[in-house]
Amino acid sequence: ERARERGALMATLLADLQKVHPSVGAVRSIGLFGIVELVRNCETREPMAPFNGTSPEMSAVAKFFRDEGLYTLVRWNYFFTNPPLSITEAELREGFAIIDRALTAADRAIAT
């Protein structure tokens, strides 16, 4: 029940990130299992980092997460949003506020 309720909220928060941040190429989630893919170019969907590699922007996003106390897997051009089932609505919103701020660096890398 908690995963369904919080998962619906998380899906909304993920969609909001995609609307606001041009670096967000795609978001997907099922319950509280989610992923955000970052891109350099919205039209070509060029990944923010190469397959099996990283980039300065992805490293900056990962560092920002850690510095703000948000621990998640950042790999290649994506990161996971997988909070614990016991997460409260306030905690979920706090985590997404951190993600929102972290994506500012990734947005600067967008090809215009």
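Two strands pair if DSSP finds at least two bridges between them. The exercises below apply this criterion to a predicted model.

**Exercise 1.** Determine which strands pair with E5, and which residues stand opposite Phe80 and Tyr78 in E5.

*Solution.*
Step 1. Strand E2 (residues 33–41) is joined to E5 by 4 bridges, and the two run antiparallel. Within E5, Phe80 has Ile35 opposite it.
Step 2. Strand E4 (residues 74–75) is joined to E5 by 2 bridges, also in an antiparallel arrangement. Here Arg75 stands opposite Tyr78.
Step 3. Both counts satisfy the cut-off of at least two bridges, so E2 and E4 each pair with E5.
Step 4. E4 and E5 form a hairpin with 2 residues between them. Trp76, in the turn, has a positive phi of about 50 degrees.

**Exercise 2.** Establish whether the two faces of strand E5 are covered or open.

*Solution.*
Step 1. In a regular strand, side chains alternate between the two faces of the sheet.
Step 2. In E5 (residues 78–81), Tyr78 and Phe80 lie on one side, while Phe79 and Thr81 lie on the other.
Step 3. These four residues are all buried, and both faces of E5 are covered.

**Exercise 3.** Describe the surroundings of Met10 and classify this residue as buried or exposed.

*Solution.*
Step 1. Met10 belongs to helix H1 (residues 2–20).
Step 2. Leaving aside residues up to four places away in sequence, Met10 touches several residues, including Phe33, Thr81, Pro83, Leu92 and Phe96.
Step 3. The relative accessible area of Met10 is 0%, and Met10 is therefore buried, the cut-off being under 20%.

Definitions and conventions
Residues numbered from 1 in each chain as written. Predicted model: local features only at pLDDT ≥ 70, side-chain atom pairs only at ≥ 80, totals over all residues. Heavy atoms only, no water. Buried < 20%, exposed > 50% of the residue type's maximum accessible area, 1.4 Å probe, protein only. Contact = heavy atoms within 4.5 Å.
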